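This report describes selected local features of one protein chain, beginning with its strand pairing and ending with its backbone geometry.

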Amino acid sequence: MSSVSKTTIKKVNAGKSTDADDLLAAEEPLEIRLDYGAGGKRTLKNISVTMRTPGNDFELATGFLYTEGIIISAADVVSVGYCKADNENIVCVRLNDNVVPAMDKLERNFYTTSSCGVCGKASIEAVRTACNIPDTYDLLRFPAATIYKLPGLLRKHQEVFENTGGLHACALFDATGALLLSREDVGRHNALDKLIGAALNAGMLPLDKHILLLSGRASFELVQKAVMAGIKVVAAVGAPSSLAAEMAEEWGMTLIGFLRGERFNIYSGAERIETTITNLP
């Protein structure tokens, strides 16, 4: 299944129209099913439907289960695959017999859309999933010059965005500013679940010595997912929400917004960014 869709459009310019081919970011529903239980008493449960851009579906499924606290490690998962060979819109995640998933996390309505992954939460408290990664003191320090270059590095890896202009992206960088992983999706929460799913499968968690870059705004849900992965520094090209800033402060996270060129705002955790900040009267 392709990440892009080709269509024919009419381009209008100065009152004149011409036919042209155009590429759109693909958007398809993905149903995630969980197969769990011991021996012959297994249960198959549909836990989520999300609108996503096809690609990295298995990472999306495992990343989603992890960031929502339903599984706690990659070892919980036996296999991930499409439920039917001819249907790439339904993924089944099979858990080990001895794993009891945290089904209490399913109190929320798990129907999400590409525009909002938080809609339908049973309550805001249900989003505050218990993090399995212990909070530890760190000496992380990043020069402002390292932060400046991150958006440009991400843009070089946004293949589908370059073709369509219609996707969100996120990327993981190491302490030197080297790009390690990047993922794209029509839904910003899906892009981050894909990224964290890939890191989980690669045995990289906790991501407590890395920088997460978001191509758009920093919402509460994205900060919550970053907390679940142990990420200490989140930078966004756009603005953070008030609740995202509150959660970042609560978890001791460095939250950066409006990262453009050689400018950015620090909303919490300024001690990790090495720069001279002048307090104007």
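Two strands are taken as paired if DSSP finds at least two bridges between them. In this predicted model, strand 3 (residues 28–36) and strand 6 (residues 87–95) run parallel and are joined by five bridges. Within this pair, Glu31 stands opposite Ile90 of strand 6.

**The four-stranded sheet**

Strands 3 and 6 belong to an open sheet of four strands, arranged in the order 4-3-6-5 with mixed pairing. The edges are formed by strand 4 (43–52) and strand 5 (77–84); each has a single partner strand, so one side of each is left without a neighbour in the sheet. On average, and with direction ignored, neighbouring strands of this sheet are turned by 25° against each other. In general terms, strands of a sheet pair through backbone hydrogen bonds, in either a parallel or an antiparallel manner.

**Cysteines**

How many disulfides does the structure hold? The number is zero. Cys83 takes part in no disulfide, and the cysteine sulfur nearest to that of Cys83 belongs to Cys92, 4.3 Å away. A disulfide requires two cysteine sulfur atoms within 2.5 Å. The separation of 4.3 Å between the sulfur of Cys92 and that of Cys83 is therefore too far for a bond. Cys83 counts as partly exposed, with a relative accessibility of 31%, whereas Cys92 is buried, with a relative accessible area of 18%.

**Asp185 and its surroundings**

Asp185 is located in strand 9 (residues 179–185). Its relative accessible area is 0%, and Asp185 is accordingly buried. A polar atom of the Asp185 side chain lies 3.0 Å from the backbone nitrogen of Thr53. When neighbours within four places in sequence are left aside, the residues in contact with Asp185 are Met51, Arg52, Thr53, Leu167, His168, Asn190, Ala191 and Lys194.

**Helices**

Helix 1 (residues 57–67) is mostly covered, with 10 of its 11 residues buried. The buried residues of helix 1 include Asp57, Leu60, Phe64, Leu65 and Tyr66. Glu59, which also lies in helix 1, is buried with a relative accessible area of 16%. Apart from neighbours within four places in sequence, Glu59 is in contact with Arg183, Asp193, Lys194, Gly197, Ala198 and Asn201.

Helix 6 (residues 188–201) packs against helix 7 (residues 220–228) at an angle of about 10°, and the two axes are 10 Å apart. This angle makes helix 6 roughly parallel to helix 7. Helix 6 contributes Arg188, His189, Leu192, Asp193 and Ile196 to the contact, while helix 7 contributes Glu221, Leu222, Lys225 and Ala226.

**Strand 1**

Ser5 is a residue of strand 1 and counts as partly exposed at 35% relative accessibility. Ser5 and Leu23 are 18 residues apart along the chain, yet their C-alpha atoms are separated by 5.6 Å. Leaving aside neighbours within four places in sequence, Ser5 is in contact with Asp22, Leu23 and Leu24.

**Backbone geometry**

Most residues other than glycine have a negative phi, and most peptide bonds are trans. The following table lists residues for which a positive phi was computed.

| Residue | Phi | Place |
|---|---|---|
| Ala14 | about 55° | loop between strand 1 (4–13) and strand 2 (16–25) |
| Asn56 | near 55° | loop between strand 4 and helix 1 |
| Gly69 | about 80° | just after helix 1 |

Ala14 and Asn56 can also be described by their accessibility. Is Ala14 buried or exposed? With a relative accessibility of 74%, Ala14 counts as exposed. Asn56, by contrast, is partly exposed, its relative accessible area being 38%.

Which residues are joined by a cis peptide bond? Such a bond links Leu205 and Pro206, with omega at about 0°. Pro206 is placed in the loop between helix 6 and strand 10 (211–214).

Key
Residues are numbered from 1 along each chain as its sequence is written. This is a predicted model: local features need pLDDT of at least 70, side-chain atom pairs count only at pLDDT 80 or more; totals for chains, interfaces and linings use all residues. Side-chain values use heavy atoms; hydrogens and water are left out. Buried means under 20% relative accessible area, exposed over 50%, partly exposed in between (1.4 Å probe, protein chains only). Helices (H or I, at least four residues) and strands (E, at least two) are DSSP runs, numbered from the N terminus. A polar contact is a pair of N or O atoms within 3.5 Å; within protein, one must be able to donate a hydrogen and the other to accept it, and residues adjacent in sequence count only if both atoms are side-chain atoms. Contact means heavy atoms within 4.5 Å. Axes are lines fitted to C-alpha atoms, for helices over the stretch in contact, and angles run from 0 to 180 degrees between N-to-C directions. Angles under 35 degrees count as roughly parallel, over 145 as roughly antiparallel, 65 to 115 as roughly perpendicular and the rest as oblique.
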